[in-house]
Amino acid sequence: MIVPGPVTRNLFFTGKGGVGKTSVASATAVGLAEGGKRVLLVSTDPASNLGEVFGVELGTAPAPVPGVANLFAMNIDPEAAAHAYRERMVGPYRGVLPDASVRSMEEQFSGACTTEIAAFDEFSKLLGDASATAEYDHVLFDTAPTGHTLRLLRLPAAWTVFFDANVGGNSCLGPLSGLAAQRALYEAALKVLADGDATTLVLVSRPEKAALLEADRSSRELAELGVKNQRLVLNGVFRASDSSDATAAAMEARGRAALMELPEGLARLPRHEVRLLPYGLVGVSALRALNAPDSFGGPAPTPPGEQGSQGLPPPLDSLIPELTRGGRGVILTMGKGGVGKTTVATRLAVTLARLGHTVHLSTTDPAAHLDQTLGSRVPNLSVSRIDPAKETADYTAEVMATAGKDLDEQGKALLEEDLRSPCTEEIAVFRAFARTVDRGKAGFVVLDTAPTGHTLLLLDATEAYHRDVLRNLSAMPESVRELLPRLRDAEFTKVLIVTLPEATPVHEAASLQRDLLRAGITPFAWVVNQSLSPLPITDVVLRSRKLHERAFLREVTESLSPRTALVPWQSDGAGLPSEPESERVRKQEALR
């Protein structure tokens, strides 16, 4: 069994994007089910890839997994949950109230906050309502990347505190007086989370410094919420088979160095190591192999010769001339968690700054740490992070100083009550996002976004707020009024979709591209990151992984994007450009 120690009824798998949470959770589910237990596997990730791993279409109700008796799987679909929630709240009034009133109610429940809270409501039922999962021996939660999951797991406490402090008025869930059932549910969910005999938190990490630091932060923050029964799974531990292979030696050395500095809190946890596989983890047979590591200990398939650099996409710097053509604007990096959005954004920002452009680098990812990636100060480059706590405090103060300044004491109390709702954070972060995009009028803004699911919620918020803007032009800052038109302006905003040359990152990125196109936003280019293809490889495991890259590189360049750049695997992960590299790019830019 991948998870060390006794297996409780509920297991949460969390960690940084791209560390293999879905693979580890799915393999654990297969192992339990084939051991005779009846198992429900639930994805709480808005951009779930659970269906691709099992090769089956999954919906919002438990469905049997083909080929594995006793195993059922489902996704918590935020949009479907929000639709059901809206209908539950608005449906009873159709045909009773005037159509205009019903439309107004529908608008009230159309924002990203309602979407997230409705999904949280579904999650709470599975955790806090024992009758909802009574037919299963184990319930496994495959969660979204850390930032989103921390917010999800904090919500039972946040809403419980909100209910304790507020006895009247409304929230984005509806009138508080009608939420007694939700309050009991959230309290029950919180109790189950903190019960170590019922719930285990499985921290999944790669043997990489950033992923381990994020797992350590999650461990501490969730322990503060009472989730103290924790385990550690180290996924993708690599041991080189050929010491003369420079890439393999560097990869092994990087992993060993990260594990030598394993944070003390993680080092104390029971842990299990899963070695790096020579192929991608898709399909039930591959998941079974993950549970029985000796079964894949034989030699990996040998690729038929090395592939040269001919036919591969050009390097990242080839995008610079077109990115800088307008002399200002916004560059957004988007994609699945763990594909390297932060490092690509940082590399581009440093390159632009060294070319003499004024650049601001920022992030909407609550788990991103630009300062760790950047390392040191660069002339012409400023850096910030959209901090949800600070933005919420600033927004609350602004609302009280404007909308609340002429209210009587009762009115101020009601307004303060409304602003204490967890939904206020969504509004505050959205406004900060709009303000950061606005800085692109006077220079370049490079904006690293949160993993796909959270970013889609942010874009949904953009659509919802844009409708509000059209109804109420005078009450919105210019940055908010102009946000959606700017994101749709291909001259002002250039979206880079970042992926790895693997099945799930490529297919999730393709889904993201379809969502962007539906929103009227056309991606500028795709960046395939951390590729082994341009490198001379002799290690048998890495050669096999290099071979498997080819199909996904072809899929990107031939089917998904007319403009693609390739970033080779690099030992430090960041690959920040040196001054001589910037000089070479400067000459390219001058010749454009």
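Okay, Asn380: buried or partly exposed? With a relative accessibility of 30... no, let me read that properly: 41%, so Asn380 counts as partly exposed. Keep in mind that this is a predicted model. You'll find Asn380 in the loop between α14, residues 370-374, and β13, residues 381-383. What caught my eye is the backbone: Asn380 has a positive phi, about 75 degrees, although it is not a glycine.

There's another asparagine to put beside that. Asn70 also isn't a glycine, and its phi is positive, at about 80 degrees. Asn70 sits in the loop between β3, which is 63-64, and β4. Its relative accessibility is 30%, so Asn70 counts as partly exposed.

Right, on to the inside. How many residues does the largest nonpolar core have? It has 35, and the ones with the most contacts inside it are Phe13, Leu41, Phe54, Leu71 and Leu140. Several elements each supply at least two residues of this core: β1 (10-14), α1 (21-34), β2 (39-43), α2 (50-54), β4 (71-75), β8 (199-205) and α11 (284-291). And which of them gives the most? That's α1, with seven residues.

If you want one residue to click on, try Phe13. Setting aside neighbours within four places in sequence, Phe13 is in contact with Val3, then with Lys21, Val24, Ala25 and Thr28, then with the run Leu140, Phe141, Asp142 and Thr143, and also with Val202 and Val204. Apart from this core there's another one, of 34 residues, and among them are Ile497, Ile521, Val556 and Leu560.

Now, back to α1, and how it meets α11. Their axes come within 9 Å and cross at roughly 85 degrees. So α1 and α11 are roughly perpendicular to each other. On the α1 side, the contact is made by Ser23, Val24, Ser26, Ala27, Thr28, Val30, Gly31 and Glu34; on the α11 side, by Leu287, Arg288, Leu290 and Asn291. Sort that contact by class and you get five nonpolar, five polar and two charged residues.

Next, rings. How many aromatic pairs turn up in a search of the whole structure? Two. One is Phe12 with Phe141: the ring centres are 4.6 Å apart and the planes are at 10 degrees, so this pair is stacked. Phe12 is in strand β1 and Phe141 is in strand β5, residues 138-142, so the pair ties together parts that are 129 residues apart in sequence. Phe12 has a relative accessible area of 2%, so it's buried. Phe141 is at 0%, so that one counts as buried too.

The other pair is Phe72 and Tyr136, and this one is edge-to-face, with 5.8 Å centre to centre and 65 degrees between the planes. Phe72 is in strand β4, while Tyr136 is in the loop between α5 (112-128) and β5; the pair links distant parts of the chain, 64 residues apart. Phe72 comes out buried at 15% relative accessible area, and Tyr136 is buried as well, at 6%.

Last stop: Glu79, in helix α3, which covers residues 78-90. Glu79 has a relative accessible area of 41%, so it's partly exposed. How far apart are Glu79 and Pro46 in space? Going C-alpha to C-alpha it's 8.8 Å, and they're 33 residues apart in sequence. That's my tour, over to you.

Terms used
Residues are numbered from 1 along each chain as its sequence is written. This is a predicted model: local features need pLDDT of at least 70, side-chain atom pairs count only at pLDDT 80 or more; totals for chains, interfaces and linings use all residues. Side-chain values use heavy atoms; hydrogens and water are left out. A nonpolar core is a set of buried Ala, Val, Leu, Ile, Met, Phe, Trp, Tyr and Cys residues joined through side-chain atoms within 4.5 Å. Buried means under 20% relative accessible area, exposed over 50%, partly exposed in between (1.4 Å probe, protein chains only). Helices (H or I, at least four residues) and strands (E, at least two) are DSSP runs, numbered from the N terminus. Contact means heavy atoms within 4.5 Å. Axes are lines fitted to C-alpha atoms, for helices over the stretch in contact, and angles run from 0 to 180 degrees between N-to-C directions. Angles under 35 degrees count as roughly parallel, over 145 as roughly antiparallel, 65 to 115 as roughly perpendicular and the rest as oblique. Ala, Val, Leu, Ile, Met, Phe, Trp, Tyr, Cys and Pro count as nonpolar, Asp, Glu, Lys and Arg as charged, and the others, Gly among them, as polar. Rings of Phe, Tyr and Trp (its six-membered ring) pair if their centres lie within 6.5 Å; planes under 30 degrees apart count as stacked, over 60 as edge-to-face and the rest as tilted.
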